[in-house]
There are 2 protein chains.
Amino acid sequence: MKHDVFPLAIEEEAAVSSALYRDGMARLGGGVTIVTTDGPAGRVGFTATAVCSVTDKSPTLIVCINQSSSAFRAVTTNGVLAVNVLTAEQQPLADLFGGKTPMDQRFAAAAWTQGETAAPLLPDASASFECRITGHAEQGSHHVLFCSVVAVHMAEQFSGLVYFARRYHALAGT
Amino acid sequence: MKHDVFPLAIEEEAAVSSALYRDGMARLGGGVTIVTTDGPAGRVGFTATAVCSVTDKSPTLIVCINQSSSAFRAVTTNGVLAVNVLTAEQQPLADLFGGKTPMDQRFAAAAWTQGETAAPLLPDASASFECRITGHAEQGSHHVLFCSVVAVHMAEQFSGLVYFARRYHALAGT
């Protein structure tokens with residue numbers, strides 16, 4: 001699907017520093033997920049909090065990703081991804097998939113399954129969204145991926161894991 | 001700034017139901033904010049969790065908003081907005097700005113200030129991001145607003161307010 005993007009502002013102006021911006025953003029809590037993909041470009045997974053719902057009419061979410069990362073090439077080439085929303089108990093996986101560990105060792109830490117797409121699904125995740133990537137918009141160092149949700153899987157029991165003030169917080173679910 | 005958007009998928013397929021998608025999304029925690037604007041289209045504010053950082057190089061965030069809402073017309077006409085990240089203590093404001101209360105009554109509940117833009121700033125918010133809207137991308141019922149951050153304000157003391165599992169959760173900050 002083509003996304004028409006309408007420019008609004010004309011003038012450029014000095015932006016705030018990256019450090020100040022990051023300090024501010026550390027105060028906005030975000031649910032912790034592991035985004036996965038598999039296909040011609042290989043199996044890749046990474047920890048992400050920059051995931052956001054856009055609309056529930058033709059359910060669509062967005063994932064923001066650094067365009068210089070190997071993950072960016074993998075997800076856009078494979079054309080599919082899964083957003084696995086972590087429980088509080090799955091915090092060790094967030095560290096594993098957020099570091100420099102090789103992909104094979106990351107995936108060896110859990111028994112992944114598969115659904116309607118090739119994207120690996122994490123058992124016992126609070127929720128997993130299987131998506132087809134329908135478009136992406138460039139914004140500086142990052143791309144915003146528009147992801148059409150083709151399947152949702154939910155665990156019977158769940159809890160929440162949020163990153164806020166540069167540390168993890170566990171939330172009660174069911 | 002123009003956002004080039006590259007379509008990827010060709011085939012359309014049956015999406016999951018809105019209800020199932022919403023049930024899944026209820027399991028992804030989100031920091032609670034009040035997004036405000038002021039200018040030719042008037043002063044408007046609404047509670048939002050669909051806010052996400054895109055990049056810290058030329059700091060940019062996105063806000064997702066229903067295009068049929070009066071708020072959409074206001075923010076895109078005014079061209080500026082502020083994302084006020086709420087503390088746990090400010091939860092009553094989240095309810096007020098998330099309901100049907102007239103705008104004047106909403107804003108009467110706090111002593112708003114102003115920074116570099118006309119967008120109202122909430123005193124004692126954990127952080128406030130003043131932004132110029134540089135573009136928007138349509139996605140079904142909603143638009144994704146690309147917001148260039150021109151100022152960041154931070155309170156000395158802060159805490160966190162997250163919406164997860166269809167209720168608020170307070171998080172310890174400083």
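Two strands are said to pair if DSSP finds at least two bridges between them, and with that in mind you can begin the tour of this predicted model at strand 5 (residues 51–55) of chain B, which pairs with strand 6 of chain B in the antiparallel sense over four bridges.

Select Thr55(B) first, and you will find that it stands opposite Thr60(B) in strand 6 of chain B. Between the two strands of this hairpin there are four residues, and in the hairpin Ser58(B) takes a positive phi near 50 degrees.

Stay with strand 6 of chain B and look at its other partner, strand 9 of chain B, with which it pairs over seven bridges, again in the antiparallel sense. If you select Cys64(B), you will see Val144(B) of strand 9 of chain B opposite. Six of the seven residues of strand 6 of chain B are buried, so this strand is largely enclosed by the rest of the structure.

Next, select helix 2 (residues 70–78) of chain B, and colour its buried residues, which are Ala71(B), Ala74(B), Val75(B) and Asn78(B). When you look down the axis of helix 2 of chain B, these residues fall within an arc of 90 degrees, so they line one face of the helix. It may help to recall that an α-helix has 3.6 residues a turn, so residues three or four places apart point the same way. The cover over the buried residues of helix 2 of chain B includes strand 3 (33–37), strand 4 (44–48) and strand 6 (60–66) of chain B, as well as strands 7, 8 and 9 of that chain. Just after helix 2 of chain B comes Gly79(B), whose phi is positive, near 80 degrees.

Now move to helix 1 (residues 18–25) of chain B, where the buried residues are Tyr21(B), Gly24(B) and Met25(B). These cover an arc of only 95 degrees around the axis, which puts them on the same side of helix 1 of chain B. What do the buried residues of helix 1 of chain B pack against? Show chain A as well, and you will find strand 5 (51–55), strand 8 (127–139) and strand 9 (142–154) of chain A there.

With both chains in view, select the contact, which takes 70 residues from chain B and 70 residues from chain A. On the side of chain B, the largest share, 10 residues, comes from strand 8 (residues 127–139) of chain B.

Finally, chain B can be laid on chain A by a turn of 180 degrees and a shift of 0.0 Å along the axis, with an RMSD of 0.0 Å. The two copies are thus related as by a two-fold rotation axis.

Notes
Residues numbered from 1 in each chain as written. Chains lettered and ligands numbered in written order. Predicted model: local features only at pLDDT ≥ 70, side-chain atom pairs only at ≥ 80, totals over all residues. Contact = placed C-beta atoms within 7 Å. Least-squares fit on C-alpha atoms with pLDDT ≥ 70 in both. Buried ≥ 20, exposed ≤ 12 C-beta atoms within 10 Å, placed from the backbone. Arc of directions from axis to C-beta.
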